[in-house]
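Student: I should like to look closely at the place where the ligand is held, and then at how helices pack against one another. Could you please guide me through these parts?

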Amino acid sequence: MEPESLKCIRCGRDHDPRRAIYTCKSCGGLLDVAYDYTKLDPARLREEWRSGAPWVWKYHQLLPADPKIRVSLGEGGTGLHRCRRLAERLGVKELYVKNEGENPTGSFKDRGMTVGVTVALMLRARATACASTGNTSASLAAYSAKAGLPCLVIVPSSKIARGKLVQAIAHGARVLAIKGSFDDALREVRKLAESGEVYLLNSVNPFRLEGQKTLAYEVYEQLGGRAPSRVVLPVGNAGNISAIWKGFKELVELGMLDSPPKMMGVQAEGASPFASMLIQGLDELVPVREPETVASAIGIGFPVNWPKARRAVEESGGWVAVVSDQEIVEAQRMLARLEGLYVEPASAASIAGLARMLEERAIDRDEEVVCVATGHGLKDPDVVLQFYEEPVEVSVEEALEEARRVLR
Ligand code: F0G
């Protein structure tokens, strides 16, 4: 559907959605894609969704891009896995993991990029660009390749997992690694975008977040037309939590859902400016200068979307948690070994966060929880080699002897 406007969440000013802008021209606030929902018939929508194939473009009526020229790799339609063994271990009644690693490039970013890169074509952009801790660059590189657009990515050198870097290179992006943080990289690439040289596809781009909100619609459908009591997810640049909340709010607005979930954000100890702001009751976010965590995807010191994310947590009645690297690695191991789901450390932060929130009684044990596993484990194999027991090299005879011992 054609959006009505890009609405500033701070001053309310409307902007033309057919222009490449990222923040409010009056006050610099973040923008939301606004629609006239009265143009949609919820009963027809529900019927269409019920019979449609499971992917992002099934929801084209609520997307701001033209499906006829979509740039797609078959994203969305990821599994919502019921995790009985892990639920029992953590002591919660019902637990599902939405496994975003099943997307084409292995993370939830693909939902956003299919829409964002289609919009880039609609705006006749000459090139795409992003700063990234890894997954955004992998995804943007792939979708830009599909669209035939040159792609520039700036990453913090030595702070990006190998699997992700390899993806961006393989898809032919121009990769620049800087000696700074993700936040430095984003500041630089935003300058390039303001000058109109490239189309920016970081999560400050409101069109990209429109693609990501489809996760909410999928969870709603997969649970048979309702929402869980909580959605728990990692927070980095704070786009995804804002996007998913927008998706649930739209279902309420359309009269398709009565009670939306509480949005629960999780950050890593060494990069927790958003959680700290809420826990300490501050009005403004205080940036972390040198973010450091095993979950490199969420190693972000100044999350640009914090005002939207704050709104998501406050409106939904949700909360935040901070977890240590050790808790993250332990959660990754539990999910892999109890449920067969191997996810990257940032994704495991959602499980670690759930464990924390149960302990801290921010979540009750009789609730139904969906944790979002944002990216595939294969993105970052070095973590396993660093933190898990490695296989020892032995002779064939010793191996057989050991095998018999283990099987006995
Ligand atoms: N999980 C993973 C695997 C991510 O890659 C990211 C963000 C997040 C969670 C956090 O999502 O930023 O919307 O709060 N990765 C970005 C990137 C920053 O560059 O790939 P967010």
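Tutor: The ligand comes first, and two pairs of helices follow. This is a predicted model, in which local features need pLDDT of at least 70 and side-chain atom pairs count only at pLDDT 80 or more, while totals for chains, interfaces and linings use all residues. Residues are numbered from 1 along each chain as its sequence is written, and side-chain values use heavy atoms, with hydrogens and water left out.

Around the ligand there are 20 residues (a residue counts if one of its heavy atoms lies within 4 Å), and S132, N135, N237, N240 and T374 come nearest. Polar contacts are pairs of N or O atoms within 3.5 Å. A backbone N or O atom of T133 is 2.8 Å from a ligand oxygen atom, and a polar backbone atom of T136 also lies 2.8 Å from an oxygen atom of the ligand. T374 uses an N or O atom of its side chain, 2.7 Å from a ligand nitrogen atom. The protein buries 99% of the 470 Å² that the ligand exposes when taken alone (accessible areas by the Shrake-Rupley method with a 1.4 Å probe).

Turning to the helices (DSSP runs of H or I, at least four residues, numbered from the N terminus), the axes of α12 (residues 325-339) and α13 (residues 345-359) come within 7 Å and cross at roughly 95°. Axes are lines fitted to C-alpha atoms over the stretch in contact, with angles from 0 to 180 degrees between N-to-C directions. The helix α12 is therefore roughly perpendicular to α13 (65 to 115 degrees). Among the residues in contact (heavy atoms within 4.5 Å) are I328 and L335 of α12 and A348 and I351 of α13.

The axes of α1 (residues 42-51) and α8 (residues 214-222) come within 12 Å and cross at roughly 80°.

How values were computed:
Helices (H or I, at least four residues) and strands (E, at least two) are DSSP runs, numbered from the N terminus. A polar contact is a pair of N or O atoms within 3.5 Å; within protein, one must be able to donate a hydrogen and the other to accept it, and residues adjacent in sequence count only if both atoms are side-chain atoms. Angles under 35 degrees count as roughly parallel, over 145 as roughly antiparallel, 65 to 115 as roughly perpendicular and the rest as oblique.
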